[in-house]
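Work through these exercises with the model open beside you. Try each task before you read its solution.

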Amino acid sequence: MASQSPRSPIDPVKLDKLAEVAIKVGLQLQKGQDLVLTAPVAALPLVRRIAEHAYKAGAGLVQPIFSDEEITLSRYRNAPEASFDRAPGWLYEGMARAFAGNAARLAIAGDNPMLLANEDPEKVARANRANSMAYKPALEKITSFDINWNIVSYPSTSWAKQVFPDDEEDIAVERLAEAIFSASRVDVADPIAAWREHNANLKARYTWLNENNFYALHYTGPGTDLTVGLADGHKWKGGASEAKNGITCNPNIPTEEVFTTPHAQRVDGYVRATKPLAHQGTLIRDIEMRFEGGRAVEVKASSGGQVLNKVLDTDEGARRLGEVALVPHSSPISKSGLLFFNTLFDENAASHIAMGQCYADCFEGGKSLSPEQIAAQGGNRSLIHIDWMIGSAEIDIDGVHADGSRVAVMRKGEWA
Ligand code: ZN
Ligand code: ZN
């Protein structure tokens, strides 16, 4: 009797649809275009589906680059001291060269977000810093939108056990898989059409915000009275956007936000987090910040405050805002009520702000602005970009014009 292969808790049809959406919506991969793909080895089943859809769409060359949790941990436990100031710059230079040659970029997220929770925080910080610096040539081509890029997620076992610690492994994976499929809109008959409609809705929101061209947003709610100035010439974006290579892609799957660049010098007042923030293995709870002239001058948290303050000491821009994003409280990810420990999901559950680097593309004519021009218009610069959630059903947001007149943007967490 032939032995039956064990049933995977991940629905193969929805997994295949996720791969198809990554290629056709996320990247809009073009005939002849190469694809650089990074993924945890655990995500191999999705990588294989993606490669097939990529080649069927006419990809020239699909090159996966894998990471592995066991190998990452082995470094922290066995590598010499000097290892933690190093990073594979040669690999990132190669990726940058591929992007310069118009290769598309796809990242699969799926690692256990708490993987490094018990490792030496000093080593983690050093390794992250070395990696951020070495990754810069490649990352700049991504953040400045030289090429079409996309991130999707895979329900790896270690991540699933983090989100559903009380469930058996199989059940946890199945539940995380369904949550990912639903948030990524691939649990419907025609995911491509669903994404077309979703993109149109996001576009209607950001078009309205751009027409209003607010000078600032004013947030009020429990523990929050915050004015966030918007950068000069800022532009709201959301959903699909056109890369410099002319390809319109959906960089984040899922995505629920419309977002823009705040003014790095014009943020004042106090603000309280509405959800915990999972940052590189540390859960930071009940963040409270007070801003003066754009700078977070007081930073508190009921747990993880030390880690947070440390990362905010990374550089001059780390205590200033680089992004402001609006997400209605009724978004599907918010309704799931889950904490994913993954920014890609958690930031799409609530309105948020981000400490650190801004997006050049969130400016009028941003694609051709120099870093100096962006800074002059209020765009922030930093090695970090950390989103944290400040939206809830109790938050009201007004748009404030330069003459002081006000327009309701959100009431009780919903579009006004
Ligand atoms: Zn965001
Ligand atoms: Zn962000």
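## Exercise 1: The bridging residue

Start from two residues of this predicted model: both Glu323 and Asp387 are buried.

**Task.** Find which protein atoms bind the zinc ion (ligand 2), and where Glu323 and Asp387 sit in the chain.

**Solution.**

1. List the donors. The zinc ion (ligand 2) has Glu323 (OE), His385 (NE2), Asp387 (OD) and Asp387 (OD) as its protein donors. They lie 2.0 to 2.6 Å from the ion.
2. Read the spacing. Along the sequence, the donor residues follow E-x61-H-x1-D.
3. Place the pair. Glu323 belongs to strand β16 (residues 321–326), and Asp387 to strand β18 (residues 385–389). The two are 64 residues apart, and the pair links distant parts of the chain.
4. Look for a second metal. Glu323 bridges the zinc ion (ligand 2) and the zinc ion (ligand 1). The two ions lie 3.4 Å apart.

## Exercise 2: The geometry of two sites

**Task.** What are the angles among the donor atoms of the zinc ion (ligand 1), and what are they for the zinc ion (ligand 2)? Classify each site.

**Solution.**

1. Take the zinc ion (ligand 1). Its donors are Glu257 (OE), Glu323 (OE), Glu347 (OE) and His352 (NE2), at 1.9 to 2.4 Å.
2. Check its angles. Its 4 donor atoms give angles of 77 to 145°.
3. Apply the cut-off. Four donors count as tetrahedral if all angles lie between 85 and 135 degrees. The site of the zinc ion (ligand 1) is classed as irregular.
4. Repeat for the zinc ion (ligand 2). Here the angles among the 4 donor atoms run from 54 to 145°, and this site is irregular too.

## Exercise 3: A tie along the chain

**Task.** Which parts of the chain do Glu257 and Glu347 tie together? Are Glu257 and Glu347 buried or exposed?

**Solution.**

1. Write the spacing. The donors of the zinc ion (ligand 1) follow E-x65-E-x23-E-x4-H.
2. Locate the pair. Glu257 lies in the loop between β9 (248–249) and β10 (258–260), and Glu347 in the loop between α11 (343–346) and β17 (352–356), so they tie together parts 90 residues apart in sequence.
3. Check burial. The cut-off for buried is under 20% relative accessible area. Glu257 has 4%, so it is buried. Glu347 has 5%, so it counts as buried.

## Exercise 4: The cavity

**Task.** How many cavities of 30 Å³ or more does the whole structure hold? What lines the largest cavity?

**Solution.**

1. Count. The search finds 1 cavity of 30 Å³ or more.
2. Size it. The largest cavity holds about 50 Å³ of space.
3. Inspect the lining. Among its residues are Val327, His329, Ser351, Ile395 and Met410.
4. Sort by type. The lining has 6 nonpolar residues, 5 polar and no charged.

Technical notes: Residues numbered from 1 in each chain as written. Chains lettered and ligands numbered in written order. Predicted model: local features only at pLDDT ≥ 70, side-chain atom pairs only at ≥ 80, totals over all residues. Heavy atoms only, no water. 1 Å grid on protein atoms, 1.4 Å probe; cavity = no way out; pocket = protein on both sides within 12 Å on 5 of 7 lines; lining within 4 Å. Points joined across faces, edges and corners; volume = space filled by probe spheres on them. Nonpolar A, V, L, I, M, F, W, Y, C, P; charged D, E, K, R; others polar. Donors = N, O, S within 2.8 Å, 3.2 Å for Na, K, Ca; no water. Tetrahedral: all angles 85-135°; square planar, octahedral: opposite > 155°, others 65-115°. Helix = DSSP H or I, 4+ residues; strand = E, 2+ residues; numbered from the N terminus. Buried < 20%, exposed > 50% of the residue type's maximum accessible area, 1.4 Å probe, protein only.
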